[in-house]
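This report walks through one protein model, beginning with a single residue and widening to the helices and the strands around it. Please keep the sequence and the structure in view while reading.

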Amino acid sequence: MEGGFGPKIVFEIAGIPITETVTNTWIIMALLILFSFVATRKFEYMPRGLQNFVELLVDGIYKLTAQTMGKDKIGFAPYIGTLLIYLVCANLAGLFALRPPTADVNTTMGLALITFFMIHFFGMKKKGVGKYLKGFLDPIPIMLPMNIISELATPISLSFRLFGNIVGGLIIMSLLYGGLAGLGAKIGLSMPIFQAAIPVPLHLYFDVFAGVLQSFIFSMLTMVFVSMAMD
């Protein structure tokens with residue numbers, strides 16, 4: 001395929017290339033900020049309409065955080081909610097002809113590194129630096145290299161699981177659209193009839209099912225890893 005499957009450069013700022021990943025992330029951020037403004041500007045005592053949806057969403061995120069990390073770590077709910085909502089929107093971007101930002105390993109590695117630093121920062125904050133570092137010697141001191149490798153592998157496995165699933169779906173859909181366009185041209189169709197109907201089931205699987213599932217898995221693993229480091 002001409003140009004490959006990597007993100008295209010949209011424009012440059014002072015010689016710095018701005019790719020589709022960055023512009024699509026900006027679009028998602030702008031839409032989420034706009035939604036937050038519209039949804040929260042006029043709260044009423046008796047919720048209705050959009051306020052009902054927002055309150056259900058926030059309440060669900062707080063309950064999920066409390067059940068997974070414990071009530072004493074409910075303070076992580078705003079971050080987990082932000083992470084989960086952003087990932088769902090990013091993974092669903094393909095439905096709107098946008099390249100998902102999570103199909104770029106730089107995005108998923110960035111998010112995974114935030115989780116990595118949260119694990120060790122809050123672990124040391126809760127247990128104390130000495131006690132936390134001593135945990136790397138468990139169950140016996142000879143396991144220290146293995147424990148360090150295991151910790152370093154965490155952001156790699158987190159980022160590549162999400163990136164692999166999203167970019168895999170992106171490649172399959174790109175190949176399918178290319179094949180259907182070629183088939184339509186071969187039999188002389190002037191309108192993209194095949195591209196309008198045949199990809200729908202695959203969009204439902206790769207964009208909706210896999211996208212939402214991978215967002216949930218990433219958020220759950222973040223909660224579990226941070227919680228384990230603190231307990």
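Met223 touches Leu64, Thr65, Thr68, Met69 and Ile80, leaving aside residues up to four places away in sequence, where contact means heavy atoms within 4.5 Å. This residue, Met223, lies in helix α8, and with a relative accessibility of 0% Met223 counts as buried; buried means under 20% relative accessible area, exposed means over 50%, and partly exposed is in between, with a 1.4 Å probe and protein chains only. By contrast with those contacts, Pro141 is 82 residues from Met223 along the chain, and the C-alpha atoms of the two are separated by 27 Å.

The model is predicted, and its local features need pLDDT of at least 70, while side-chain atom pairs count only at pLDDT 80 or more and totals for chains, interfaces and linings use all residues. Residues are numbered from 1 along each chain as its sequence is written, and side-chain values use heavy atoms, with hydrogens and water left out.

**Overall arrangement**

The secondary structure of the protein comes to eight helices and two strands, and along the sequence these elements follow the pattern β-β-α-α-α-α-α-α-α-α. Helices (H or I, at least four residues) and strands (E, at least two) are DSSP runs, numbered from the N terminus. The C-alpha trace spans about 70 × 55 × 40 Å along its principal axes, and 33% of the 231 residues count as buried. Among the contacts with a separation of 6 or more, 65% are accounted for by residues 24 or more positions apart.

**Two helix pairs that share α8**

Helix α4 (residues 105-127) packs against helix α8 (residues 200-230) at an angle of about 20°, with the axes 7 Å apart, which makes α4 roughly parallel to α8. Axes here are lines fitted to C-alpha atoms, for helices over the stretch in contact, and angles run from 0 to 180 degrees between N-to-C directions; angles under 35 degrees count as roughly parallel, over 145 as roughly antiparallel, 65 to 115 as roughly perpendicular and the rest as oblique. The crossing of α4 with α8 is right-handed, a term used if the near helix is turned clockwise from the far one by less than a right angle. On the α4 side the contact includes Thr108, Leu111, Thr115 and Phe122, which belong to a set that meets α8 residues including Phe218, Thr222, Phe225 and Met230. The residues of this contact divide into eleven nonpolar, four polar and two charged, where Ala, Val, Leu, Ile, Met, Phe, Trp, Tyr, Cys and Pro count as nonpolar, Asp, Glu, Lys and Arg as charged, and the others, Gly among them, as polar.

How are α3 and α8 oriented to each other? Their axes come within 9 Å and cross at roughly 155°, and the two helices are therefore roughly antiparallel to each other. The crossing of α3 and α8 is right-handed. Residues making the contact include Tyr79, Ile80, Leu83 and Leu87 of α3, and Asp207, Phe218, Thr222 and Met223 of α8; they belong to a set that divides into ten nonpolar, six polar and one charged.

**The strand pair and unusual backbone geometry**

Strand β1 (residues 9-13) and strand β2 (residues 16-19) pair in the antiparallel sense over four bridges, and two strands pair if DSSP finds at least two bridges between them. Ile16 in β2 is the bridge partner of Ile13, and Pro17 in β2 is the bridge partner of Glu12. The hairpin of β1 and β2 has two residues between the strands, and there Ala14 takes a positive phi.

Most residues other than glycine have a negative phi, and most peptide bonds are trans. The table sets out two alanines against that background.

| Residue | Phi | Loop | Relative accessible area |
|---|---|---|---|
| Ala14 | near 50° | between β1 and β2 | 80%, exposed |
| Ala97 | near 60° | between α3 (77-91) and α4 | 75%, exposed |

A further departure concerns a peptide bond: Asp138 and Pro139 are joined by a cis peptide bond, with omega about -5°. Pro139 is found in the loop between α5 (129-134) and α6 (144-186).
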